[in-house]
Amino acid sequence: HILQVEGMAASRTVCIGDSLEHDIVGAAGVGCASVLVTTGIHQGISSAERHRLMCEHASPDYLLVNG
């Protein structure tokens, strides 16, 4: 919705979020690049579990990892 309201191009927009199932899937659905913040709701899960979720839902273009 905000892309339309602001006249922004999806190809020039990056969505940042902490949920693979919502934020990253949503970004992929409208053609935006995405950044997964790993200190949010997926904090504490293993890299293997994060990879499994990415395969199941969508993969971010970038990861923002604490530390």
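This is a short dialogue on reading cysteines, a histidine and a nonpolar core in a predicted model.

Biologist: How many disulfides does a search of the whole structure find?

Modeller: General idea: a disulfide is a covalent bond between the sulfur atoms of two cysteines. Here the search finds zero.

Biologist: Why is there no bond at Cys15?

Modeller: Look at the sulfur distance. The cysteine sulfur closest to that of Cys15 belongs to Cys32, and the gap is 4.0 Å, too far for a bond. The cut-off is 2.5 Å.

Biologist: Are Cys15 and Cys55 buried or exposed?

Modeller: Cys15 is partly exposed, at 28% relative accessible area. Cys55 has 59% relative accessibility, so Cys55 counts as exposed.

Biologist: Now His42. Where does it lie?

Modeller: His42 sits in the loop between β2 (33-37) and α3 (47-56). His42 counts as buried because its relative accessibility is 8%, and the cut-off for buried is under 20%.

Biologist: Which polar partners does the His42 side chain have?

Modeller: One is the backbone nitrogen of Leu20, 3.2 Å from a polar atom of the His42 side chain. Another is the side chain of Glu21, in a polar contact of 3.4 Å. Beyond four places in sequence, the contacts of His42 also include Asp18, Ser19, Leu36 and Leu53.

Biologist: Which residues form the largest nonpolar core?

Modeller: Six residues: Leu20, Ile24, Leu36, Leu53, Met54 and Ala58. Both α2 (20-30) and α3 supply at least two residues of this core. Take Ile24. Leaving aside neighbours within four places in sequence, its contacts include Leu36 and Ala58, along with Ser34, Val35 and Pro60.

How values were computed
Residues numbered from 1 in each chain as written. Predicted model: local features only at pLDDT ≥ 70, side-chain atom pairs only at ≥ 80, totals over all residues. Heavy atoms only, no water. Buried < 20%, exposed > 50% of the residue type's maximum accessible area, 1.4 Å probe, protein only. Helix = DSSP H or I, 4+ residues; strand = E, 2+ residues; numbered from the N terminus. Polar contact = N/O pair within 3.5 Å; in protein donor to acceptor, adjacent residues only side chain to side chain. Contact = heavy atoms within 4.5 Å. Core = buried A, V, L, I, M, F, W, Y, C linked by side-chain atoms within 4.5 Å.
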